[in-house]
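Reader: Could you take me through one part of this model in some detail? I'd like to look closely at the place where the two chains meet.

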Amino acid sequence: MSETTSVNIPELESPPVERVELESMLVMNIIKHCRDSITNVGTIGQLVGIDIDGVLQVSSSFESPSVLENEESAVNKSVSGRARQAHTEATLNRMQYLGAVTGHVGWYQGTYVGAFLNSSFFVETQYAYQKESPNSIALVYDLSQSCNGSLILRAFQLTPEFMAAYEEKTWTVTSLNKHHVSPANIVRELPVAIHNSHLATCLLHSLSEPSKPSSLLSSEAALDSMERELPLTETFSNFDLNLGVGHKKNLEHLLESVDEYHYEQGNVGFHQRQLAREQAKIQQWLTKRKAENANRAAENRPLLPLDEWKRIFKLPAEPRLLDSLLISAQIRQHCSQVDEQSLSFVSKLSGVRNAYTS
Amino acid sequence: MVLEAKHALHLGKPSSKAGPVHVVIDPSVLFSILDHSTRRSENNQRVIGTLLGIRSEDGREIEVKSCFAVPHNESSEQVEVEMEYHRAMYHLHLKANPREVVVGWYATSSDLDAFSALIQNLYASPPEQGSPALGTYPHPCVHLTVDTDVSTPLSIQTYLSSPVGITERLADSCAFVPTPYSIRDNEAIRSGLKAVAAPKNDPSRIAGLFTDLQQLKRSTLEVLSMIERVSDYVQNVIDGSSPANVAVGRYLVKCLSLVPSIEGHEFEKIFSSHLQDVLVVVYLANTLRTQIDIASRSISGFEEEGYSYINLDEQLNV
């Protein structure tokens, strides 16, 4: 999968990444950054690590200046993008000075109910990263669904088909077909594993084992307080029998995406009708021309060319299909999430119902 | 003489401004410190770095939220800390996160010696004229030590300092007062820690992330094993083979009385209606997905119907 870069040094090509391994420090940093930042959506940061033999080992991360709301205009985007890049390079230099594992392997983003595909920011950034080093990934941390004891952290890469289609920059039907791009294969997800160093394992053990007070079971108060003390004690909060705020938000986002999709489809439909009208006009003109040519042939005069319709009639421009592609992909994501959430909820519900009716 | 961290008695002299009484540490800081300590160079026994965070309004609570490492060199006579590096990293950090300021520093050995006092005073000292603030002046500076010596269990201590001693040697002496600390704990951190702690009993120290259903299965199995243990214990007490403990018994009765008692058929009604709502939503979502797929196929089928520009030519030049 890795496309060769402009300098062809075969020894430096590494095999495509199949798995991602994260350090525990990284996970905690990402959680803290995304939770604490003010705008819950524009938080991004960079990942540092190395890829070995098809496994991308990410060892640490640092935060980048956040994406602001008014970055839609091209000017703002390039200014803040350059500032962010300068920040990244400076921080990487400093970290390398200390002997950190080198290599900028990707970036992470915090998102809400998995709505990261419907803005072109994700796709553009990931494209830029993947163009330079084909093994960069994007980690997406889902703020709304990482509750009740579950952690939703997913790693994505753009598929080579999508990258090829992106390079052409014209989002027409023909280019999409040529590269076989559909909403289902824009991004591919990589499995994520967590890796702890020895010291981190010690810390985790010490966080989960209580220090025993001398009078252990002499009062209930002691039992209660022992339960609450430690961050790693199991609370079984995933047994909660409500679908959570995340589900509702998911559905709201789904409806919004459907509205946007409708708008895009309206554009496509409009273009189609324009095209049909122009074609009808061209046909009319052509038949007139042919009739005239028949007259001229009868009178032995030179025939008029049939190609002039190209100069006279301007066909309407095809709309850019990138946005509707992204929105469709986003809708698919939302639907799968609704599926998964409801699945666990239905199992819990039927479990409780069985307990009561038996 | 260091007091136990949880039971420290903080005696401050009465002043107009209350000093900090409590330090809250975010677990990501601890992980970063441990990671940094694995990268120390050979001639240093410990590594140091800067702690960043926020202070509460009244100054009584300090929250430590992130950190970065600072290179330093230590020999038997002197210690050098690269403040230039500290300044540069601090500025970079402020660009990404303008709310966090310097609140202290950390070290990975639990000894407090003259060098610690020197570094502490360095961080707490006022900046020179005209240069931006780099230390914690005028606020007190927190010192966090994490003992990474693997022969002793991992211990974490936090200190605040107050100057002590006669004026000529004020720079390298200070009294470290231990301060109670707690680890920041909210739901997100818990879920993160739980995911990260999954491989802790595994020799290869690697574990994948679990989906919701797998988590549910694991939790259910755990609860089942806990119930088994409790029922074994109760059975033993009934048989007389284990001594009865009144506290445990009362606790169990309290837990069991939490089960609500509703009639079976009423439950059935409530649950069925809720279940149906959820299933309707799932069905609609799946229908939506199928429809999107069909729509994208029909767009890409554009070409086959001959509406593209390439084919227009051949069509019209019949």
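Author: Here's a walk through the interface, followed by a quick look at each chain on its own.

Keep in mind that this is a predicted model. Let's start with the overall contact: 110 residues of chain A are in contact with 101 residues of chain B. The size of an interface is often given as the accessible area lost when the parts come together. For chain A and chain B, the buried area comes to about 9,600 Å², and carbon and sulfur atoms give 66% of that.

Now for the polar side of things. The rule finds three salt bridges across the interface of chain A and chain B. One of the pairs to pull up in your viewer is Lys32(A) with Glu100(B), whose side chains meet in a salt bridge at 3.8 Å, N to O. Counting polar contacts across the interface of chain A and chain B gives six residue pairs, with both residues at pLDDT 80 or more.

So much for pairs; what does chain A bring to the contact? Helix 10 of chain A (residues 322–357) supplies the largest share of the side that touches chain B, with 19 residues. Sorted by class, that side of chain A has 56 nonpolar, 35 polar and 19 charged residues.

The backbone joins in too. Strand 8 of chain A (residues 192–195) and strand 11 of chain B (residues 206–208) run antiparallel and are joined by three bridges. If you want one pair to click on, Ile194(A) has Ala207(B) as its bridge partner in strand 11 of chain B.

Next, chain B by itself. Chain B has eight helices and 11 strands. Of its 318 residues, 39% are buried. Looking at contacts in chain B with a separation of 6 or more, 62% are between residues 24 or more positions apart.

Helix 1 of chain B (residues 27–37) is a good one to zoom in on: 11 of its 11 residues are buried, so this helix is largely enclosed by the rest of the structure. Among them are Pro27(B), Val29(B), Phe31(B), Asp35(B) and His36(B).

Back in chain A, there's one loop residue to visit. Thr159(A) lies in the loop between strand 6 (153–158) and helix 4 (160–168) of chain A. Is Thr159(A) buried or exposed? Thr159(A) has a relative accessible area of 7%, which is under the 20% cut-off, so Thr159(A) counts as buried. Leaving out residues up to four places away in sequence, Thr159(A) touches Asn185(A), Ile186(A), Val187(A) and Arg188(A).

Methods
Residues numbered from 1 in each chain as written. Chains lettered and ligands numbered in written order. Predicted model: local features only at pLDDT ≥ 70, side-chain atom pairs only at ≥ 80, totals over all residues. Heavy atoms only, no water. Helix = DSSP H or I, 4+ residues; strand = E, 2+ residues; numbered from the N terminus. Buried < 20%, exposed > 50% of the residue type's maximum accessible area, 1.4 Å probe, protein only. Contact = heavy atoms within 4.5 Å. Buried area = accessible area lost by both parts, 1.4 Å probe. Salt bridge = Lys/Arg side-chain N within 4 Å of Asp/Glu carboxyl O. Polar contact = N/O pair within 3.5 Å; in protein donor to acceptor, adjacent residues only side chain to side chain. Nonpolar A, V, L, I, M, F, W, Y, C, P; charged D, E, K, R; others polar. Pairing = 2+ DSSP bridges.
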